[in-house]
Amino acid sequence: MTNQTGDYSHRSDGSIMRQGIGQYTSKDGLICKGIWSNDKLNGIGEVTFTSGAAYEGMFVNNCMHGNGRYKFPDGSVYEGFFQDNRLLGKGTFTDIKGQIWHGELNNNIGNGFQFKLNM
C-alpha cells in the first residue's frame, strides 16, 4: 500500500498528481518528502531509501541536483554537489571512522580527493 499526504490533485484518469509540500511512502518503504511540482520532487526534499541510505537537499525533476547530503547505508556521508543523481564537483566525504576526505568528483569518481588531517 502506498501513502500520500500533502497537496495533490486527481488527473482525469483518476491517478494522483502531487503538487506543493507533501510526503509519499511506497509499499516497499521508500519515503519521499518535500516540494512537489508536476508529480516530481522539485526544490528542497528528502528521500529515505529502503537500503537505509538517505538524501537531503535539492531536487530537479526527481533527481538529486544541487547541494545535498547523502548518507550511505554503512553510515558514511557525502556532502556536496549533485547533478542528475551523480556526485559532481566539490564535496566532502566522511567515512564511518570519522575520517574526512575532500575534493572534486567527476561522474561519481573522486580521483582528486585528499585526506583532511587535523593536527
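For sorting pocket residues by class, Ala, Val, Leu, Ile, Met, Phe, Trp, Tyr, Cys and Pro count as nonpolar, Asp, Glu, Lys and Arg as charged, and the others, Gly among them, as polar. With that in hand, here's a quick tour of this predicted model. The chain is built from strands: there are 10 of them, and zero helices.

**Whole chain**
- Walking along the sequence, you get β-β-β-β-β-β-β-β-β-β.
- The chain has 119 residues, and 29% of them are buried.
- If you take the contacts with a separation of 6 or more, residues 24 or more positions apart account for 4% of them.
- The accessible surface adds up to about 7600 Å², with carbon and sulfur atoms contributing 50% of that.

**The largest nonpolar core**
- Fourteen residues sit in this core, and the members touching the most others are L41, Y55, F59, M64, Y70 and F82.
- Five strands each chip in at least two core residues: β3 (31-37), β4 (40-48), β5 (54-60), β6 (63-71) and β7 (77-83).
- As background, nonpolar side chains in soluble globular proteins tend to be buried together.
- Y55 is a handy residue to click on: setting aside neighbours within four places in sequence, its contacts are G45, E46, V47, F49, M64, H65, G66, N67, G68, R69, Y70 and F82.

**A53, a loop residue**
- You'll find A53 in the loop between β4 and β5.
- A53 counts as buried because its relative accessibility is 0%, and the cut-off for buried is under 20%.
- Leaving out residues up to four places away in sequence, A53 touches V47, T48, Y70, K71, F72 and P73.
- Take K71 from that list of A53 contacts: A53 and K71 are 18 residues apart in sequence, while their C-alpha atoms are 5.4 Å apart in space.

**The largest pocket**
- The largest pocket holds about 170 Å³ of space.
- Its lining is made up of R18, Y24, C32, W36, L41, V47, F49, F59, N62, M64 and N85.
- Going by class, that's eight nonpolar residues, two polar and one charged.
- β2 (16-25), β3 and β4 each give at least two residues to the lining.
- Some names come up again here: L41, F59 and M64 line the pocket and are also among the core members that touch the most others.
- V47 and F49, both in the pocket lining, are also contacts of Y55.

Notes: Residues are numbered from 1 along each chain as its sequence is written. This is a predicted model: local features need pLDDT of at least 70, side-chain atom pairs count only at pLDDT 80 or more; totals for chains, interfaces and linings use all residues. Side-chain values use heavy atoms; hydrogens and water are left out. A nonpolar core is a set of buried Ala, Val, Leu, Ile, Met, Phe, Trp, Tyr and Cys residues joined through side-chain atoms within 4.5 Å. Buried means under 20% relative accessible area, exposed over 50%, partly exposed in between (1.4 Å probe, protein chains only). Helices (H or I, at least four residues) and strands (E, at least two) are DSSP runs, numbered from the N terminus. Contact means heavy atoms within 4.5 Å. On a 1 Å grid over the protein atoms alone, a cavity is a set of points where a 1.4 Å probe fits but cannot get out, and a pocket is an open set with protein on both sides within 12 Å along at least five of seven lines; lining residues have an atom within 4 Å of a point. Grid points are joined across faces, edges and corners, and a volume is the space filled by probe spheres set on the points. Accessible areas come from the Shrake-Rupley method with a 1.4 Å probe; for residues, only the protein chains shown count as cover.
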